[in-house]
Amino acid sequence: MACVYRLMVLVSFVVLAANGALTTQHVVGGSQGWGESTDFSAWTSGRTFKVGDQLVFKYTAGLHTVVELADENAYKSCDTSSAVDSMDGGNSVVKLSKPGTRYFACGTPGHCDQGMKVKIKTVADNGSSPSDSSATSSTTSTSPASTFQSPPIGVVMSMVLVLLNYLV
Ligand SMILES: [Cu+2]
């Protein structure tokens, strides 16, 4: 019985670790989704996109598409001919795998010009280290949400390792 109990403890720790490593999914445009009437600059402001997070574009397939544009110029001019990626399934998931800026627009003619485009700035996931003195000027960093950050993956994983040692 002790063995079963230990296994249960181990499983619960693994679940905790998985939760800690869970990525944030950003449904683009919030409840309004990926559409012409959504204010995407309002949606992105105040939202932080970290490496490992995912974007989820929800829309009616056939009516809209998601096209990833190559650069700022293509974004500004709604030039979808330089697209680096294109999706049309209605539920398109994009993983933000590295820091930088990415540009998305709708490929349906006219929609991008109507404002159906979004610029996503991905930042490195520094965990809960507040002493990040990066060269880029971050003027004010008073985010009250920082108190609710999940524990760093490293801490959780080392806890699991310790538990594994204890079991063996
Ligand atoms: Cu569209």
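# Strand pairing, core and loops: worked exercises

In this predicted model, K58 has its bridge partner in β6, and that partner is N91. The exercises below start from this pair.

**Exercise 1. Determine which strands pair with β3, in what sense and over how many bridges.**

Step 1. The pair K58 and N91 belongs to the pairing of β3 with strand β6, residues 91–95, which is antiparallel and extends over five bridges.

Step 2. β3 also pairs with strand β1, residues 25–27, here in the parallel sense and over three bridges; one residue pair to inspect is Q25 with its bridge partner Q54 in β3.

Step 3. Putting the two pairings together gives an open sheet of three strands in the order β1-β3-β6, with mixed pairing. Its edge strands are β1 and β6, each of which pairs on one side only, and the twist from one strand to the next averages 25°.

**Exercise 2. Assign the residues of β3 to its covered and uncovered faces, then find what F57 touches.**

Step 1. The covered face of β3 carries L55 and F57, whereas Q54, V56 and K58 are on the uncovered one. Q54 and K58, the residues of β3 used in Exercise 1 as partners of Q25 and N91, are thus both on the uncovered face.

Step 2. Leaving aside residues up to four places away in sequence, F57 touches V28, W34, V66 and S92.

Step 3. F57 is also listed among the residues with the most contacts inside the largest nonpolar core, together with V67, L69, Y103, F104, A105 and I120.

**Exercise 3. State how many residues the largest nonpolar core has and which elements give two or more residues to this core.**

Step 1. The core has 22 residues.

Step 2. The elements that give two or more residues to this core are β3 (54–58), β4 (66–69), α3 (72–76), β7 (100–105) and β8 (117–123).

Step 3. As general background, nonpolar side chains tend to be buried together in soluble globular proteins. For the protein as a whole, buried residues make up 20% of the 168 residues.

**Exercise 4. Trace the pairings of β7 and place this strand in its sheet.**

Step 1. β4 and β7 run antiparallel and are joined by three bridges. Two of the residue pairs can be named: L69 has Y103 as its bridge partner in β7, and V67 has A105.

Step 2. β7 is joined to β8 by six bridges, again with the strands running antiparallel; A105, already met as the partner of V67, has K117 as its bridge partner in β8.

Step 3. The resulting open sheet has five strands in the order β2-β8-β7-β4-β5, and its pairing is mixed. Its edge strands, β2 (49–50) and β5 (85–87), each pair on one side only.

**Exercise 5. Compare C78 and G90: in which loops do they lie, and is each buried or partly exposed?**

Step 1. C78 is in the loop between α3 and β5, while G90 is in the loop between β5 and β6.

Step 2. C78 counts as buried because 20 other C-beta atoms lie within 10 Å, the cut-off for that class being 20 or more. G90 has 16 C-beta neighbours inside 10 Å and therefore counts as partly exposed.

Step 3. The backbone of C78 deserves a look, since this residue has a positive phi of about 55° although it is not a glycine.

Step 4. G90 touches Y59, T60 and A61 when residues up to four places away in sequence are not counted. From G90 to V56 the separation is 34 residues in sequence and 9.7 Å in space, C-alpha to C-alpha.

**Exercise 6. Describe the overall arrangement of the secondary structure and the sequence range of the contacts.**

Step 1. The protein has four helices and eight strands, which follow the pattern α-β-α-β-β-β-α-β-β-β-β-α along the sequence.

Step 2. Taking the contacts between residues at least 6 apart in sequence, 72% join residues at least 24 apart.

Technical notes:
Residues numbered from 1 in each chain as written. Predicted model: local features only at pLDDT ≥ 70, side-chain atom pairs only at ≥ 80, totals over all residues. Buried ≥ 20, exposed ≤ 12 C-beta atoms within 10 Å, placed from the backbone. Contact = placed C-beta atoms within 7 Å. Core = buried A, V, L, I, M, F, W, Y, C linked by C-beta atoms within 7 Å. Pairing = 2+ DSSP bridges. Axes fitted to C-alpha atoms, helices over the stretch in contact; angles between N-to-C directions.
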